[in-house]
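Subject: Structure for you to look at

Hello,

Here is the structure I said I would pass on. Please open it first; my notes follow below it.

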There are 2 protein chains.
Amino acid sequence: MIVAPLEPGQGHCVEPLLRSCGEVFSEEETRVALAMVVDALRGNYCILASLEGERLAGYCLAGPTPLTESTWHLYWLCVHPQFQRQGVASALESALEDAVRASGGKRIVAETGSRSDYDPARAFYRSAGYDECGRIADYYRPGDACCFFCKVIV
Amino acid sequence: MIVAPLEPGQGHCVEPLLRSCGEVFSEEETRVALAMVVDALRGNYCILASLEGERLAGYCLAGPTPLTESTWHLYWLCVHPQFQRQGVASALESALEDAVRASGGKRIVAETGSRSDYDPARAFYRSAGYDECGRIADYYRPGDACCFFCKVIV
């Protein structure tokens with residue numbers, strides 16, 4: 001597995017990757033995620049890809065949080081179902097930490113839902129050393145809170 | 001005191017209002033706030049003004065939170081020092097609640113700093129019925145956490 005910045009020529013692989021996750025991402029979320037990929041390929045975000053041979057196994061997209069000195073937001077992290085539970089998310093997150101550290105960032109914030117199909121996402125953040133800093137009930141929709149996670153980069 | 005949507009012809013009054021608050025808003029924050037006023041006057045956010053005669057006593061800027069069903073974010077709330085402690089912030093927040101309710105919104109989220117010159121802001125949110133839902137330490141800069149507040153609109 002190789003983790004490297006997503007190349008412009010690989011941008012078209014993100015939509016099938018997002019759609020492979022089934023109901024996890026709504027149509028609107030997929031639309032927003034793809035718009036941010038376009039922005040990232042213009043240099044406005046950091047986008048990292050995990051490649052298994054020629055295939056895109058996963059990607060993450062992050063960027064410095066506006067109006068903060070050294071905080072980053074991890075906006076999207078997606079792994080193809082065929083490549084889940086093989087360390088892809090960890091490899092992406094670890095490479096992101098390196099990128100954040102190299103640019104002087106000191107912490108990464110991730111926001112995720114409380115609903116059950118996000119159980120693996122929350123478990124992943126905890127295992128990767130993120131602390132849950134708070135929840136806003138019913139944030140995304142009734143019954144689906146926003147859970148804030150943060151990891152301090154050392 | 002009248003609270004009403006900010007008119008395009010009043011847009012130029014926001015910069016002196018922000019600058020009247022001294023060090024509370026950094027140069028970068030002022031720049032971002034003014035860009036969002038321009039966006040609001042194009043219809044992309046809700047912007048409400050509190051007028052004392054011809055003068056702009058305060059304003060707030062808010063909008064539906066992307067990828068949520070019924071959450072709004074209150075992005076900016078600013079009252080001129082000459083008009084503070086006279087109910088201007090309460091009047092603006094109350095009018096915003098009406099606007100959020102009218103558009104089907106169910107809660108308002110506000111994020112604010114933990115540093116001492118934001119003590120009045122945090123006290124205001126608590127008095128207005130917002131609950132603090134969490135904090136991310138050192139979010140804005142070392143020693144300045146992000147405090148998340150949320151009020152459910154009934």
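In chain A, β6(A) and β7(A) make a hairpin with 2 residues between them, and A:Gly143 in its turn has a positive phi of about 85°. Please keep in mind throughout that this is a predicted model.

Sheet pairing in chain A

The two strands of the hairpin, β6 (residues 131–141) and β7(A), are antiparallel and share 6 bridges. A:Arg141 has A:Asp144 in β7(A) as its bridge partner. Strand β7 (residues 144–152) of chain A is also joined by 7 bridges to strand β5 (residues 107–113) of chain A, again running antiparallel. One of the residues paired there is A:Arg107, whose partner in β7(A) is A:Val152.

Two backbone angles to check

Two residues of chain A that are not glycine have a positive phi. A:Asp138 is one of them, with a phi of about 60°, and it lies in strand β6 of chain A. A:Asp138 counts as partly exposed, because it has 19 C-beta neighbours inside 10 Å, and a residue needs 20 or more to be called buried. The other is A:Leu67, with phi near 65°. A:Leu67 sits in the loop between β3 and β4 of chain A and, with 18 C-beta neighbours inside 10 Å, is partly exposed as well.

A buried leucine in β4

A:Leu74 is in strand β4 of chain A. It has 24 other C-beta atoms within 10 Å and is therefore buried. Leaving out residues up to four places away in sequence, A:Leu74 touches A:Cys60, A:Ala62, A:Leu96, A:Ile108 and A:Ala110. A:Ile47 is 27 residues from A:Leu74 in sequence, and their C-alpha atoms are 10.0 Å apart.

Helix α2, described in chain A

Helix α2 (residues 27–41) of chain A has 15 residues; from first C-alpha to last it reaches 21 Å, close to the 21 Å expected at 1.5 Å a residue. Its buried residues are A:Ala33, A:Val37 and A:Ala40. These fall within an arc of 65° when seen down the axis of α2(A), so they line one face of the helix. As background, an α-helix has 3.6 residues a turn, so residues three or four places apart point the same way. The buried residues of α2(A) pack against α1 (14–20), β2 (46–52), β3 (55–64) and β4 (71–79) of chain A. A:Glu27, A:Glu28 and A:Ala35 are exposed, on the face of α2(A) turned away from the buried side. Just after the helix, A:Gly43 has a positive phi of about 95°.

Helix α3, described in chain B

Helix α3 (residues 88–102) of chain B has 15 residues, which should span 21 Å at 1.5 Å a residue; the end C-alpha atoms are 21 Å apart, in agreement. The buried residues in α3(B) are B:Val88, B:Ala89, B:Leu92, B:Glu93, B:Leu96 and B:Val100. Because they cover an arc of only 125° around the axis, they are on the same side of α3(B). The cover over them includes β1 (2–5), β2 (46–52), β3 (55–64), β4 (71–79), β5 and α4 (119–127) of chain B. On the other side of α3(B), the exposed residues are B:Asp98, B:Arg101 and B:Ala102. B:Gly104 follows α3(B) and has a positive phi, near 90°.

How the two chains meet

Chain A and chain B each give 20 residues to the contact. On the side of chain B that touches chain A, the elements giving two or more residues are α2 (27–41), β5 (107–113), β6 (131–141) and β7 (144–152) of chain B. The largest share there, 8 residues, comes from β6(B). By class, that side of chain B has 10 nonpolar, 3 polar and 7 charged residues.

How are the two chains related? A turn of 180° and a shift of 0.0 Å along the axis lay chain B on chain A with an RMSD of 0.0 Å. That is the relation of a two-fold axis. In chain B, the C-alpha nearest the axis belongs to B:Gly134, at 2.0 Å from it. Both copies use the same surface, as 100% of the contact residues of chain B recur in chain A.

Regards

Conventions. Residues numbered from 1 in each chain as written. Chains lettered and ligands numbered in written order. Predicted model: local features only at pLDDT ≥ 70, side-chain atom pairs only at ≥ 80, totals over all residues. Contact = placed C-beta atoms within 7 Å. Helix = DSSP H or I, 4+ residues; strand = E, 2+ residues; numbered from the N terminus. Nonpolar A, V, L, I, M, F, W, Y, C, P; charged D, E, K, R; others polar. Least-squares fit on C-alpha atoms with pLDDT ≥ 70 in both. Pairing = 2+ DSSP bridges. Expected span 1.5 Å × (residues − 1). Buried ≥ 20, exposed ≤ 12 C-beta atoms within 10 Å, placed from the backbone. Arc of directions from axis to C-beta.
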